[in-house]
Amino acid sequence: AITLAPLSSGAVKKVSAGEEVIFDEQSIGHIQPVLAIHESWTRGLLVVDDMALSDFIAEVGRYRHGYINLDPNIASLRVVGTYPAQDVNLVFDMLENAFPIQIKRVLPWWASIYAA
């Protein structure tokens with residue numbers, strides 16, 4: 001647990017593991033349980049709900065060395081699902097099965113995603 005005490009008020013709150021809170025110098029917000037979607041990365045999963053493909057690919061890029069080129073014509077496709085963060089090739093396969101896209105792995109460190 002961690003104790004929070006804003007500088008400009010006398011309020012003190014204790015935040016434990018599995019809880020989250022928003023705070024600043026003046027106040028501490030309501031303490032609540034961490035949503036599973038926010039801690040999924042600790043289990044090696046990317047959980048997304050209605051995320052633009054461009055944002056999802058940017059997130060996937062954090063788990064892969066190299067460059068991912070995304071065709072801007074498909075950047076707004078909406079992604080939903082649970083994906084394994086440590087296996088980007090499997091993520092690519094899952095995306096190809098779910099969307100009308102093709103992912104060409106030009107080199108081990110370069111992938112291009114475009115409409116099928």
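Q: Let's start with Val 88. Which helix is Val 88 found in?
A: Val 88 is found in helix α3, which covers residues 88–98. One thing to keep in mind as we go: this is a predicted model.

Q: Is Val 88 buried or exposed, and how do I read that?
A: The general idea is a cut-off on relative accessible area: under 20% is called buried, over 50% exposed, and anything in between partly exposed. Val 88 has a relative accessible area of 8%, so we call Val 88 buried.

Q: Which residues is Val 88 in contact with, leaving aside neighbours within four places in sequence?
A: Contact here means heavy atoms within 4.5 Å. On that reading, Val 88 is in contact with Val 60, Tyr 63 and Arg 64.

Q: And how do I read a C-alpha separation, say for Val 88 and Ile 31?
A: Take two numbers together, one along the chain and one in space. Val 88 and Ile 31 are 57 residues apart along the chain, and their C-alpha atoms are separated by 34 Å.

Q: Val 60 turned up among those contacts. Where does Val 60 lie?
A: Val 60 lies in helix α2, residues 53–61. The relative accessible area of Val 60 is 1%, so Val 60 is buried.

Q: What does Val 60 touch, not counting residues up to four places away in sequence?
A: Val 60 touches Leu 46, Ile 68, Val 88, Val 91 and Phe 92. Two of those names belong together with what we said before: Val 88 is a contact of Val 60, and Val 88 is found in helix α3. For a separation in space, take Ile 22: the C-alpha atoms of Val 60 and Ile 22 are separated by 26 Å, with their positions 38 residues apart along the chain.

Q: Let's turn to rings. How many aromatic pairs does the structure hold?
A: The structure holds 3 aromatic pairs. To read one, look at the centre-to-centre distance and the angle between the planes: rings pair if their centres lie within 6.5 Å, planes over 60 degrees apart count as edge-to-face, and those under 30 degrees apart as stacked, with the rest called tilted. Phe 56 and Tyr 83 make a tilted pair, at 4.8 Å centre to centre and 50° between the planes.

Q: What does the pair of Phe 56 and Tyr 83 tie together?
A: Phe 56 lies in helix α2 and Tyr 83 in strand β7 (residues 78–84), so the pair ties together parts that are 27 residues apart in sequence. As for accessibility, Phe 56 is buried, with a relative accessible area of 0%, and Tyr 83 counts as buried at 5%.

Q: How about Trp 109 and Trp 110: what kind of pair do they form?
A: Trp 109 and Trp 110 form an edge-to-face pair, 5.9 Å centre to centre with 70° between the planes. Trp 109 counts as partly exposed at 45% relative accessibility, and Trp 110 counts as partly exposed at 31%. Ring pairs also link Tyr 67 with Trp 109 and Trp 110 into a cluster.

Q: Where does Val 80 lie, and is Val 80 buried or exposed?
A: Val 80 lies in strand β7. With a relative accessible area of 52%, Val 80 is exposed. Leaving aside neighbours within four places in sequence, Val 80 is in contact with Val 48, Asp 49 and Asp 50. Val 80 and Glu 59 are 14 Å apart C-alpha to C-alpha, and 21 residues apart in sequence.

Q: What should I notice about phi of Asp 50?
A: Check the sign and the residue type. Phi of Asp 50 is near 65°, a positive value in a residue other than glycine. Asp 50 has its place in strand β5, residues 45–52, and counts as partly exposed at 42% relative accessibility.

Q: Stepping back, how do the elements run from the N terminus on?
A: The order is β-β-β-β-α-β-α-β-β-α-β-β, which comes to 3 helices and 9 strands.

Q: And what is the radius of gyration of the protein chain?
A: Compare the value with a compact globule. One of 116 residues would have a radius of gyration near 13 Å, but the protein chain has 19 Å. Along its principal axes, the C-alpha trace spans about 60 × 25 × 25 Å. Buried residues make up 28% of the 116 residues.

How values were computed. Residues are numbered from 1 along each chain as its sequence is written. This is a predicted model: local features need pLDDT of at least 70, side-chain atom pairs count only at pLDDT 80 or more; totals for chains, interfaces and linings use all residues. Side-chain values use heavy atoms; hydrogens and water are left out. Helices (H or I, at least four residues) and strands (E, at least two) are DSSP runs, numbered from the N terminus. The radius of gyration is taken over C-alpha atoms; the globule rule is 2.2 Å times the number of residues to the power 0.38. Buried means under 20% relative accessible area, exposed over 50%, partly exposed in between (1.4 Å probe, protein chains only). Rings of Phe, Tyr and Trp (its six-membered ring) pair if their centres lie within 6.5 Å; planes under 30 degrees apart count as stacked, over 60 as edge-to-face and the rest as tilted.
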